Amino acid sequence: MEQYIIKGGKPLVGEVTISGYKNAALGIIAASIMTDETVKIENVPNISDINILLQVIEQIGAKVERVNKNTIKINGSKINSHTVDMDYVRKLRGSYYLVGALLGKCRRANVALPGGCNIGSRPIDQHIKGFEALGAYVKIERGLICAQSERLQGAHIYFDCTSVGATINTMLAASMADGLTILENAAKEPHVVDVANFLNSMGANIKGAGTDVIRIKGVSKLHGSEYSIIPDQIEAGTFMFAAAATKGDILVKNVIPKHLEAFTAKLIEIGAQIEEYDDAVRVRAFGRLGNTHVKTLVYPGFLTDMQPQMTTLLAVSSGTSIVTENIFENRFKYVDELCRMGAKIKVESNTAIIEGVEKLTGAVVSAPDLRGGVALVMAGLMADGFTIVENVEYIERGYENFESKMQKLGALMIKVDSDDIKAIKKFKLKVG
Ligand code: EPZ
């Protein structure tokens with residue numbers, strides 16, 4: 001099993017370039033099979049979630065050509081199956097976008113129920129509500145979402161809760177339905193807008209993405225397109241917080257500052273220094289940061305995907321802080337691991353009460369999920385001594401070239417096999 005070994009205490013200094021947004025790329029790759037023409041997508045993050053989805057669409061007949069490590073060409077004209085039930089589909093959440101895409105393209109889809117980080121029950125009732133409102137017959141059987149419809153008819157859909165996945169999935173199917181679909185209480189995240197912009201570049205007619213009302217006029221055909229995916233706001237936020245956590249100085253490049261406003265505001269509130277440029281932000285921190293209260297909300301609020309990084313930063317801030325998780329019901333699993341490093345955090349229901357300590361100390365910890373894992377790496381980077389983070393495959397699902405980007409910023413960390421005692425000893429001798 002692979003693990004990171006980290007020697008903490010060294011400020012991260014330098015520049016890092018942010019990759020394309022994982023959660024936009026998943027929806028865009030699913031959308032790309034809805035046309036029989038070729039699409040070319042740039043700034044695709046080269047991470048396991050994306051590579052698994054590319055494998056899946058190849059399995060059902062799509063042609064996938066990797067132009068370079070971050071550019072792919074996809075042609076869905078030879079898709080010969082609407083059943084997606086390979087075992088590895090269950091590893092990621094984004095596979096469920098193939099339901100909306102295949103429903104739109106061929107009016108049928110049998111897709112394995114999604115996996116993804118275990119941070120709550122993660123139901124798909126709103127996805128099903130959207131498909132059924134468009135006239136599809138949907139049932140769950142044999143672990144598959146089975147959906148079919150003679151014809152998809154535009155509808156006025158009011159989501160019971162704001163769901164990124166349900167908004168994108170329903171938008172995919174509605175883009176090739178007959179007539180007008182209106183989505184109310186739609187998610188406003190930047191990646192929802194990115195998927196809508198991609199569909200429009202293929203000839204779809206979608207207006208209002210980024211607001212809570214999206215209007216979609218269905219079209220009978222989508223055409224090829226060339227598109228570049230927006231930068232990953234969560235990867236950007238993670239490196240911003242790592243700079244603050246290690247009292248470093250990082251220029252985070254290839255970002256859209258508007259997408260980072262909630263993170264920037266909190267960092268300034270607790271005493272970090274931010275300089276904003278057109279497509280970059282510089283984050284510096286000196287001395288101990290202050291405390292604050294954070295509630296995770298849908299965009300443009302403070303995003304749940306940055307909650308573990310925020311809690312970790314506040315673990316060594318002065319005073320008592322409170323972080324309330326309003327999106328997922330089980331997203332504090334990493335806190336037990338932080339407490340093994342000396343953090344003083346009490347979780348009551350969906351709230352973490354954080355009593356800031358002077359320092360964390362290195363320990364062996366296990367990543368429970370993608371963002372909890374990256375928060376534990378952050379903790380290791382600022383702790384005294386050595387930290388081992390296990391289950392690094394979670395982290396590599398969502399962060400491209402993670403350890404090399406960290407090493408280029410001066411992080412003393414390597415990835416080793418847990419039984420490679422020689423490599424572990426060599427690293428410890430080297431960094432002292
Ligand atoms: C997407 O998950 C992201 N994943 C998550 O990122 C992100 O945390 C989440 O959106 C919120 O921003 C991908 O895009 C692949 P939701 P998704 O539907 O679509 C409830 C990461 O770390 N809900 O917006 O599954 C649900 O239980 C991952 O990159 C229903 O009740 O999130 C949750 O409480 C983790 N019924 C809330 O809505 C539904 O049908 C938000 O879920 C759908 C959702």
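Four helices each supply at least two residues to the lining of the largest pocket: α1 (22–32), α4 (125–133), α5 (164–174) and α11 (370–382). Before I go on, please keep in mind that this is a predicted model.

The space in that largest pocket comes to about 890 Å³. Its lining has 40 residues, and those nearest the centre are Arg-122, Val-164, Gly-165, Ile-327 and Phe-328. By type, the lining divides into 18 nonpolar, 11 polar and 11 charged residues.

Where does the largest pocket lie with respect to domain 1 and domain 2? Domain 1 (2–19 + 231–431) and domain 2 (22–228) both give residues to the lining, so the pocket lies between them.

Now the domains themselves. The domain assignment puts two stretches of the chain, 2–19 and 231–431, into domain 1, and the stretch 22–228 into domain 2. Their C-alpha centres are 31 Å apart. In the contact there are 24 residues from domain 1 and 25 residues from domain 2.

Back to one residue at the pocket. Arg-122 is among the residues nearest the centre of the largest pocket, and it sits in the loop between β7 and α4. What is the sign of its phi, given that it is not a glycine? The phi of Arg-122 is positive, about 55°. For background, most residues other than glycine have a negative phi.

There is a second backbone point to look at. The peptide bond that joins Tyr-299 and Pro-300 is cis, with omega of about 10°. Pro-300 is in the loop between β18 and α9. Again for background, most peptide bonds are trans.

Next, the smaller spaces. The second largest pocket holds about 210 Å³. It is lined by 13 residues, and the closest to its centre are Ala-245, Lys-247, Glu-358, Lys-359 and Met-382. This lining divides into 6 nonpolar, 2 polar and 5 charged residues.

How many cavities of 30 Å³ or more does the structure hold? The count is 1. The largest cavity has a volume of about 30 Å³. Around it are Pro-231, Asp-232, Gln-233, Ala-236, Val-255, Ile-256, His-259 and Leu-260. Of these lining residues, 5 are nonpolar, 2 are polar and 1 is charged.

Now two sheets. As general background, the strands of a sheet pair through backbone hydrogen bonds, either parallel or antiparallel.

One open sheet has 4 strands in the order β6-β7-β9-β8, and its pairing is mixed. At its edges are β6 (83–84) and β8 (137–141), each of which pairs on one side only. Strand β8 runs antiparallel to β9 (residues 144–148), and 5 bridges join the two. If you want a place to look in that pair, Ile-140 stands opposite Ile-145 in β9. Helix α3 (residues 97–106) packs on this sheet and touches β6, β7 (108–112) and β9. The direction of α3 makes about 165° with that of β7.

Another open sheet of 4 strands has the order β18-β19-β21-β20, with mixed pairing. Why is one side of β18 and of β20 left without a neighbour in the sheet? Strands β18 (293–295) and β20 (344–348) stand at the edges and each has a single partner strand, so one side of each has no neighbour there. From one strand to the next, the twist averages 15°.

Within this sheet, β18 pairs with β19 (residues 320–324) in the parallel sense, over 3 bridges. Val-294 has Val-323 in β19 as its bridge partner. Helix α9 (residues 307–314) packs on the sheet, touching β18, β19, β20 and β21 (351–355). Its direction makes about 170° with that of β19.

Last, a single residue in a strand. Val-64 lies in β4 (residues 63–68). Leaving out residues up to four places away in sequence, Val-64 touches Leu-54, Ile-57, Glu-58, Lys-73 and Ile-74. From Val-64 to Gly-76 there are 12 residues in sequence, and in space the two are 8.8 Å apart, C-alpha to C-alpha.

To end where I began: the largest pocket takes lining residues from both domain 1 and domain 2, with Arg-122 among those nearest its centre.

Key
Residues are numbered from 1 along each chain as its sequence is written. This is a predicted model: local features need pLDDT of at least 70, side-chain atom pairs count only at pLDDT 80 or more; totals for chains, interfaces and linings use all residues. Side-chain values use heavy atoms; hydrogens and water are left out. Two strands pair if DSSP finds at least two bridges between them. Contact means heavy atoms within 4.5 Å. Axes are lines fitted to C-alpha atoms, for helices over the stretch in contact, and angles run from 0 to 180 degrees between N-to-C directions. On a 1 Å grid over the protein atoms alone, a cavity is a set of points where a 1.4 Å probe fits but cannot get out, and a pocket is an open set with protein on both sides within 12 Å along at least five of seven lines; lining residues have an atom within 4 Å of a point. Grid points are joined across faces, edges and corners, and a volume is the space filled by probe spheres set on the points. Ala, Val, Leu, Ile, Met, Phe, Trp, Tyr, Cys and Pro count as nonpolar, Asp, Glu, Lys and Arg as charged, and the others, Gly among them, as polar. Domain bounds come from an automatic or database domain assignment.
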